Amino acid sequence: MPYRLKASESVPEGIKRIVVEELDSATQRLSGRQRKDRDEAIHEARKSVKKIRGALRLVQFDLGTTYRKENRRFRDLGRKLSELRDAAAIIETFNAVLERHKSSLQTNTLDSIRHGLDKSKHETELNLDVEKVVERAIATLEGAKKRVRTWPLNADGFQAIAPGLKITFRRGRKIMATAYKDPRPENYHQWRKRVKDLWYQVRLIENLWAGVVQAHEASLKQLETWLGEDHNLVVLREKLESKPEDYGDDKDVRLFLTLAGEYQKELRENAMSLGRRIYEEKPRQFTKNIGKLWDAWQQQPDSMKDEQKQEKQGAKKGAQSSASLTGGKGKTTAA
(Lines give C-alpha, C1' and ligand atoms only; values in the text may rest on other atoms or scores of the structure.)
Protein backbone atom coordinates (compact mmCIF):
# COMPACT_ATOMS: atom_id res chain seq x y z
CA MET A 1 0.00 0.00 0.00
CA PRO A 2 1.16 3.60 -0.65
CA TYR A 3 2.78 5.48 2.20
CA ARG A 4 -0.02 8.01 2.65
CA LEU A 5 -3.15 8.73 4.64
CA LYS A 6 -6.61 8.22 3.15
CA ALA A 7 -9.58 10.57 3.35
CA SER A 8 -11.79 7.62 4.27
CA GLU A 9 -9.93 6.81 7.51
CA SER A 10 -9.22 8.64 10.75
CA VAL A 11 -5.69 9.81 11.46
CA PRO A 12 -5.18 7.17 14.22
CA GLU A 13 -6.39 4.42 11.85
CA GLY A 14 -4.19 5.68 9.06
CA ILE A 15 -1.01 6.02 11.11
CA LYS A 16 -1.40 2.54 12.61
CA ARG A 17 -2.15 1.01 9.20
CA ILE A 18 0.89 2.66 7.62
CA VAL A 19 3.24 1.64 10.43
CA VAL A 20 2.04 -1.98 10.29
CA GLU A 21 2.52 -2.01 6.50
CA GLU A 22 6.09 -0.73 6.86
CA LEU A 23 6.81 -3.29 9.60
CA ASP A 24 5.51 -6.06 7.34
CA SER A 25 7.54 -4.76 4.41
CA ALA A 26 10.77 -4.62 6.43
CA THR A 27 10.20 -8.08 7.89
CA GLN A 28 9.51 -9.59 4.47
CA ARG A 29 12.59 -7.96 2.99
CA LEU A 30 14.88 -9.29 5.68
CA SER A 31 13.27 -12.73 5.90
CA GLY A 32 13.27 -13.39 2.17
CA ARG A 33 16.77 -12.16 1.50
CA GLN A 34 19.39 -13.98 -0.57
CA ARG A 35 23.06 -13.24 -0.28
CA LYS A 36 23.19 -11.51 -3.66
CA ASP A 37 20.49 -8.99 -2.68
CA ARG A 38 21.18 -8.78 1.04
CA ASP A 39 22.49 -5.22 0.81
CA GLU A 40 19.31 -4.13 -0.94
CA ALA A 41 17.11 -5.93 1.61
CA ILE A 42 18.89 -4.18 4.49
CA HIS A 43 18.65 -0.86 2.66
CA GLU A 44 14.89 -1.21 2.10
CA ALA A 45 14.27 -2.38 5.68
CA ARG A 46 16.18 0.62 6.97
CA LYS A 47 14.07 2.92 4.80
CA SER A 48 10.92 1.40 6.30
CA VAL A 49 12.23 2.10 9.80
CA LYS A 50 12.84 5.73 8.84
CA LYS A 51 9.35 6.01 7.38
CA ILE A 52 7.94 4.73 10.65
CA ARG A 53 9.90 7.32 12.62
CA GLY A 54 8.61 10.03 10.27
CA ALA A 55 5.04 8.93 10.96
CA LEU A 56 5.72 8.82 14.69
CA ARG A 57 7.01 12.39 14.69
CA LEU A 58 3.89 13.54 12.89
CA VAL A 59 1.68 12.40 15.81
CA GLN A 60 4.25 12.67 18.61
CA PHE A 61 2.17 15.06 20.72
CA ASP A 62 -0.82 12.73 20.70
CA LEU A 63 1.35 9.70 21.56
CA GLY A 64 2.90 11.38 24.60
CA THR A 65 5.41 9.19 26.47
CA THR A 66 4.74 6.32 24.05
CA TYR A 67 6.42 8.38 21.34
CA ARG A 68 9.72 8.60 23.23
CA LYS A 69 9.76 4.87 23.94
CA GLU A 70 8.89 3.80 20.40
CA ASN A 71 11.13 6.37 18.73
CA ARG A 72 14.06 5.14 20.82
CA ARG A 73 13.39 1.52 19.86
CA PHE A 74 13.20 2.29 16.15
CA ARG A 75 16.23 4.59 16.37
CA ASP A 76 18.32 1.81 17.89
CA LEU A 77 17.12 -0.66 15.26
CA GLY A 78 17.93 1.80 12.49
CA ARG A 79 21.45 2.28 13.83
CA LYS A 80 22.12 -1.45 13.82
CA LEU A 81 21.00 -1.72 10.21
CA SER A 82 22.97 1.43 9.34
CA GLU A 83 26.24 -0.14 10.43
CA LEU A 84 25.72 -2.75 7.73
CA ARG A 85 24.27 -0.42 5.12
CA ASP A 86 26.87 2.37 5.39
CA ALA A 87 29.70 0.07 4.29
CA ALA A 88 27.85 -0.60 1.03
CA ALA A 89 26.67 3.01 0.64
CA ILE A 90 30.13 4.53 0.57
CA ILE A 91 31.19 2.11 -2.18
CA GLU A 92 28.23 3.31 -4.25
CA THR A 93 29.25 6.89 -3.54
CA PHE A 94 32.81 6.10 -4.62
CA ASN A 95 31.40 4.73 -7.89
CA ALA A 96 29.27 7.86 -8.33
CA VAL A 97 32.33 10.12 -8.07
CA LEU A 98 34.17 8.03 -10.66
CA GLU A 99 31.15 8.10 -12.97
CA ARG A 100 31.20 11.89 -12.92
CA HIS A 101 34.81 11.87 -14.15
CA LYS A 102 34.82 8.77 -16.37
CA SER A 103 35.72 10.77 -19.48
CA SER A 104 38.92 12.11 -17.88
CA LEU A 105 40.02 9.06 -15.87
CA GLN A 106 41.79 6.10 -17.39
CA THR A 107 40.27 2.62 -17.07
CA ASN A 108 41.02 0.94 -13.73
CA THR A 109 42.18 4.24 -12.22
CA LEU A 110 41.70 4.23 -8.44
CA ASP A 111 41.06 0.46 -8.38
CA SER A 112 43.26 0.19 -5.29
CA ILE A 113 40.76 2.35 -3.40
CA ARG A 114 37.85 0.20 -4.55
CA HIS A 115 39.65 -2.97 -3.37
CA GLY A 116 40.31 -1.35 0.00
CA LEU A 117 36.65 -0.39 0.39
CA ASP A 118 35.47 -3.88 -0.57
CA LYS A 119 37.84 -5.38 2.01
CA SER A 120 36.62 -2.96 4.69
CA LYS A 121 32.98 -3.86 3.92
CA HIS A 122 33.72 -7.57 4.23
CA GLU A 123 35.49 -7.06 7.56
CA THR A 124 32.59 -4.98 8.87
CA GLU A 125 30.11 -7.72 8.02
CA LEU A 126 32.25 -10.35 9.73
CA ASN A 127 32.73 -8.28 12.86
CA LEU A 128 29.06 -7.44 13.18
CA ASP A 129 27.81 -10.94 12.29
CA VAL A 130 25.25 -9.98 9.68
CA GLU A 131 22.98 -12.96 10.25
CA LYS A 132 22.59 -12.23 13.95
CA VAL A 133 21.90 -8.55 13.32
CA VAL A 134 19.21 -9.46 10.78
CA GLU A 135 17.62 -12.07 13.06
CA ARG A 136 17.43 -9.58 15.93
CA ALA A 137 16.02 -6.94 13.62
CA ILE A 138 13.22 -9.28 12.52
CA ALA A 139 12.39 -10.08 16.15
CA THR A 140 12.27 -6.36 16.98
CA LEU A 141 9.99 -5.65 14.04
CA GLU A 142 7.60 -8.47 14.98
CA GLY A 143 7.48 -7.26 18.58
CA ALA A 144 6.69 -3.72 17.44
CA LYS A 145 3.79 -4.91 15.34
CA LYS A 146 2.07 -6.27 18.45
CA ARG A 147 2.36 -2.90 20.20
CA VAL A 148 1.13 -0.66 17.39
CA ARG A 149 -2.55 -1.45 17.85
CA THR A 150 -2.35 -0.35 21.49
CA TRP A 151 -0.81 3.05 20.75
CA PRO A 152 -2.87 5.77 22.52
CA LEU A 153 -3.81 7.80 19.45
CA ASN A 154 -7.02 9.75 19.95
CA ALA A 155 -6.83 13.06 18.09
CA ASP A 156 -8.25 13.18 14.58
CA GLY A 157 -8.31 15.60 11.69
CA PHE A 158 -5.64 18.13 10.86
CA GLN A 159 -5.24 19.06 14.54
CA ALA A 160 -3.81 15.57 15.09
CA ILE A 161 -0.85 16.22 12.78
CA ALA A 162 -0.49 20.01 12.71
CA PRO A 163 1.80 20.29 15.79
CA GLY A 164 4.14 17.56 14.51
CA LEU A 165 4.26 19.06 11.02
CA LYS A 166 4.98 22.53 12.39
CA ILE A 167 7.81 21.48 14.69
CA THR A 168 9.44 19.37 11.95
CA PHE A 169 9.40 22.35 9.58
CA ARG A 170 10.73 24.69 12.28
CA ARG A 171 13.60 22.36 13.21
CA GLY A 172 14.64 21.97 9.58
CA ARG A 173 14.57 25.72 9.03
CA LYS A 174 16.65 26.34 12.14
CA ILE A 175 19.35 23.73 11.45
CA MET A 176 19.63 24.94 7.84
CA ALA A 177 20.54 28.40 9.15
CA THR A 178 23.05 26.79 11.51
CA ALA A 179 24.64 24.80 8.69
CA TYR A 180 24.96 27.96 6.59
CA LYS A 181 26.80 29.81 9.37
CA ASP A 182 28.78 26.79 10.58
CA PRO A 183 29.19 24.27 7.71
CA ARG A 184 30.54 21.41 9.79
CA PRO A 185 29.57 17.90 8.63
CA GLU A 186 27.50 17.25 11.75
CA ASN A 187 25.32 20.30 11.06
CA TYR A 188 24.66 19.22 7.48
CA HIS A 189 23.89 15.71 8.72
CA GLN A 190 21.37 17.01 11.26
CA TRP A 191 19.78 19.12 8.54
CA ARG A 192 19.46 16.06 6.35
CA LYS A 193 17.61 14.22 9.15
CA ARG A 194 15.09 17.02 9.53
CA VAL A 195 14.60 17.27 5.76
CA LYS A 196 13.97 13.54 5.61
CA ASP A 197 11.40 13.82 8.42
CA LEU A 198 9.52 16.55 6.57
CA TRP A 199 9.75 14.66 3.27
CA TYR A 200 8.16 11.57 4.81
CA GLN A 201 5.47 13.64 6.49
CA VAL A 202 4.57 15.44 3.27
CA ARG A 203 4.39 12.04 1.57
CA LEU A 204 1.90 10.92 4.21
CA ILE A 205 -0.46 13.75 3.23
CA GLU A 206 0.30 13.53 -0.48
CA ASN A 207 -3.29 12.56 -1.24
CA LEU A 208 -4.11 16.26 -0.98
CA TRP A 209 -2.66 16.24 -4.52
CA ALA A 210 -2.55 20.01 -4.80
CA GLY A 211 0.19 21.19 -7.13
CA VAL A 212 1.95 22.95 -4.27
CA VAL A 213 2.13 19.70 -2.25
CA GLN A 214 3.46 17.81 -5.26
CA ALA A 215 6.15 20.43 -5.88
CA HIS A 216 7.05 20.48 -2.20
CA GLU A 217 7.42 16.70 -2.04
CA ALA A 218 9.62 16.62 -5.14
CA SER A 219 11.81 19.45 -3.84
CA LEU A 220 12.24 17.78 -0.45
CA LYS A 221 13.19 14.53 -2.13
CA GLN A 222 15.84 16.30 -4.21
CA LEU A 223 17.19 18.16 -1.18
CA GLU A 224 17.39 14.95 0.86
CA THR A 225 19.21 13.28 -2.03
CA TRP A 226 21.88 15.97 -2.16
CA LEU A 227 22.33 16.06 1.61
CA GLY A 228 22.47 12.25 1.75
CA GLU A 229 25.19 12.14 -0.86
CA ASP A 230 27.06 14.85 1.03
CA HIS A 231 26.95 12.69 4.18
CA ASN A 232 28.19 9.65 2.27
CA LEU A 233 31.12 11.70 0.98
CA VAL A 234 31.95 12.85 4.51
CA VAL A 235 32.07 9.24 5.72
CA LEU A 236 34.09 8.12 2.70
CA ARG A 237 36.62 10.95 2.93
CA GLU A 238 37.12 10.40 6.65
CA LYS A 239 37.73 6.73 6.00
CA LEU A 240 40.41 7.44 3.39
CA GLU A 241 42.05 10.20 5.39
CA SER A 242 42.26 8.18 8.61
CA LYS A 243 44.11 5.22 7.05
CA PRO A 244 45.29 6.12 3.54
CA GLU A 245 47.74 3.22 3.58
CA ASP A 246 44.79 0.79 3.42
CA TYR A 247 43.74 2.14 0.04
CA GLY A 248 46.84 1.80 -2.09
CA ASP A 249 48.84 4.49 -3.78
CA ASP A 250 48.99 7.82 -1.93
CA LYS A 251 48.72 9.68 -5.23
CA ASP A 252 45.42 7.91 -6.00
CA VAL A 253 44.02 8.74 -2.58
CA ARG A 254 44.91 12.41 -2.96
CA LEU A 255 43.37 12.51 -6.44
CA PHE A 256 40.13 10.97 -5.26
CA LEU A 257 39.89 13.31 -2.25
CA THR A 258 40.23 16.27 -4.61
CA LEU A 259 37.46 14.96 -6.89
CA ALA A 260 35.23 14.18 -3.90
CA GLY A 261 35.80 17.65 -2.47
CA GLU A 262 34.70 19.30 -5.71
CA TYR A 263 31.56 17.16 -5.80
CA GLN A 264 30.77 17.92 -2.16
CA LYS A 265 31.09 21.67 -2.75
CA GLU A 266 28.61 21.45 -5.60
CA LEU A 267 26.18 19.39 -3.52
CA ARG A 268 26.19 21.88 -0.66
CA GLU A 269 25.71 24.87 -2.94
CA ASN A 270 22.74 23.17 -4.58
CA ALA A 271 21.30 22.16 -1.20
CA MET A 272 21.50 25.67 0.24
CA SER A 273 19.91 27.20 -2.84
CA LEU A 274 16.99 24.77 -2.80
CA GLY A 275 16.71 24.83 1.00
CA ARG A 276 16.17 28.58 1.06
CA ARG A 277 13.19 28.17 -1.25
CA ILE A 278 11.70 25.26 0.71
CA TYR A 279 12.02 27.04 4.06
CA GLU A 280 11.10 30.51 2.80
CA GLU A 281 7.79 30.43 4.71
CA LYS A 282 7.64 30.62 8.46
CA PRO A 283 6.48 27.44 10.26
CA ARG A 284 3.11 28.89 11.25
CA GLN A 285 2.26 29.98 7.70
CA PHE A 286 3.46 26.67 6.23
CA THR A 287 1.22 24.71 8.61
CA LYS A 288 -1.73 27.03 8.01
CA ASN A 289 -1.46 26.58 4.24
CA ILE A 290 -1.32 22.79 4.54
CA GLY A 291 -4.35 22.95 6.85
CA LYS A 292 -6.40 24.72 4.18
CA LEU A 293 -5.49 22.02 1.67
CA TRP A 294 -6.42 19.35 4.20
CA ASP A 295 -9.86 20.87 4.73
CA ALA A 296 -10.49 21.06 0.99
CA TRP A 297 -9.37 17.44 0.59
CA GLN A 298 -11.72 16.21 3.31
CA GLN A 299 -14.70 18.03 1.78
CA GLN A 300 -14.02 16.87 -1.75
CA PRO A 301 -16.94 14.97 -3.42
CA ASP A 302 -16.39 11.54 -4.92
CA SER A 303 -17.07 12.88 -8.42
CA MET A 304 -13.76 14.76 -8.32
CA LYS A 305 -11.60 11.67 -7.82
CA ASP A 306 -10.94 10.91 -11.49
CA GLU A 307 -10.13 14.54 -12.24
CA GLN A 308 -7.88 14.63 -9.17
CA LYS A 309 -5.90 11.61 -10.37
CA GLN A 310 -5.14 13.32 -13.69
CA GLU A 311 -4.14 16.54 -11.94
CA LYS A 312 -1.89 14.55 -9.60
CA GLN A 313 0.00 12.98 -12.49
CA GLY A 314 0.49 16.30 -14.24
CA ALA A 315 1.60 18.07 -11.07
CA LYS A 316 4.12 15.38 -10.26
CA LYS A 317 5.77 15.68 -13.68
CA GLY A 318 5.91 19.45 -13.32
CA ALA A 319 7.42 19.22 -9.82
CA GLN A 320 10.10 16.82 -10.99
CA SER A 321 11.00 19.11 -13.88
CA SER A 322 11.23 22.06 -11.51
CA ALA A 323 13.56 20.17 -9.19
CA SER A 324 15.82 19.21 -12.09
CA LEU A 325 16.42 22.87 -12.96
CA THR A 326 18.70 23.23 -9.95
CA GLY A 327 21.31 21.23 -11.86
CA GLY A 328 22.30 18.67 -9.23
CA LYS A 329 23.02 15.09 -10.27
CA GLY A 330 23.87 13.51 -6.95
CA LYS A 331 22.05 10.38 -5.91
CA THR A 332 21.94 9.32 -2.31
CA THR A 333 22.60 5.68 -1.61
CA ALA A 334 22.01 5.66 2.12
CA ALA A 335 18.44 6.79 2.27
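In which helix is the place of T168? In this predicted model, T168 lies in helix α7. The residue is buried, because its relative accessible area is 3% and the limit for a buried residue is under 20%. Setting aside residues up to four places away in sequence, T168 touches R194, D197, L198 and Q201. The helix that holds T168 spans residues 158-181 and has the highest mean pLDDT among the elements of the chain, at 97.

The overall architecture is helical. The secondary structure of the chain amounts to 12 helices and 0 strands, and the order of elements from the N terminus is accordingly α-α-α-α-α-α-α-α-α-α-α-α. Of the 335 residues in the chain, 51% are buried. Among the contacts with a separation of 6 or more, 81% join residues that are 24 or more positions apart.

Confidence varies along the chain. The average pLDDT is 86, and 87% of the residues score at least 70. At the low end among the elements stands helix α12 (residues 305-324), with a mean pLDDT of 47. Over residues 303-312 the pLDDT is below 50, and this stretch has 10 contacts in the model beyond near neighbours in sequence. The pLDDT also stays under 50 over residues 321-335, a stretch for which the model has 47 contacts beyond four places in sequence.

Helix α2 was examined for its length and its surroundings. The helix comprises 21 residues (residues 38-58), and at 1.5 Å a residue these should span 30 Å. The C-alpha atoms at its ends are 31 Å apart, which agrees with the expected span. Helix α2 is mostly covered, with 17 of its 21 residues buried.

Two helix pairs illustrate the packing. Such a pair is described by the angle between the two axes and by the distance between them. In the pair formed by α2 and helix α8 (residues 185-204), the angle is about 80° and the axes are 9 Å apart. The helices α2 and α8 are therefore roughly perpendicular to each other, since angles of 65 to 115 degrees fall in that class. On the α2 side, the contact involves K47, K50, K51, G54, A55, R57 and L58; on the α8 side, it involves R194, K196, D197, Y200, Q201, R203 and L204. By class, the residues of this contact are 4 nonpolar, 2 polar and 8 charged. Of the α8 residues listed, R194, D197 and Q201 are also among the residues that T168 touches.

The second pair consists of helix α4 (residues 65-100) and helix α9 (residues 211-242), which pack at an angle of about 100° with their axes 9 Å apart. The helices α4 and α9 are thus also roughly perpendicular to each other. From α4, the residues A89, I90, T93, F94, A96 and V97 meet E229, N232, L233, V235, L236 and K239 of α9. This contact divides into 8 nonpolar, 2 polar and 2 charged residues.

One of the α9 residues in that contact, L233, is also in contact with Q264. The place of Q264 is in helix α10 (residues 250-278), where the residue is buried, with a relative accessible area of 9%. Apart from neighbours within four places in sequence, Q264 is in contact with D230, L233, V234 and R237.

Further residues link positions that are distant in sequence. L5 is found in the segment before α1 (11-31) and counts as buried, at 2% relative accessibility. The C-alpha atoms of L5 and L204 are separated by 5.5 Å, although the two residues are 199 residues apart along the chain. With neighbours within four places left aside, the contacts of L5 are V11, G14, I15, R17, I18, L204, I205, N207, W294 and W297. L204 also belongs to the α8 side of the contact with α2.

Helix α6 (residues 130-148) contains I138, which counts as buried at 14% relative accessibility. I138 and L23 are 115 residues apart in sequence, and the distance between their C-alpha atoms is 9.2 Å. The loop between α5 (111-128) and α6 holds D129. This residue is not a glycine, yet its phi has a positive value, near 60°. D129 counts as partly exposed, with a relative accessibility of 32%.

Technical notes. Residues numbered from 1 in each chain as written. Predicted model: local features only at pLDDT ≥ 70, side-chain atom pairs only at ≥ 80, totals over all residues. Heavy atoms only, no water. pLDDT = per-residue confidence, 0-100. Helix = DSSP H or I, 4+ residues; strand = E, 2+ residues; numbered from the N terminus. Contact = heavy atoms within 4.5 Å. Expected span 1.5 Å × (residues − 1). Buried < 20%, exposed > 50% of the residue type's maximum accessible area, 1.4 Å probe, protein only. Axes fitted to C-alpha atoms, helices over the stretch in contact; angles between N-to-C directions. Parallel < 35°, antiparallel > 145°, perpendicular 65-115°, else oblique. Nonpolar A, V, L, I, M, F, W, Y, C, P; charged D, E, K, R; others polar.
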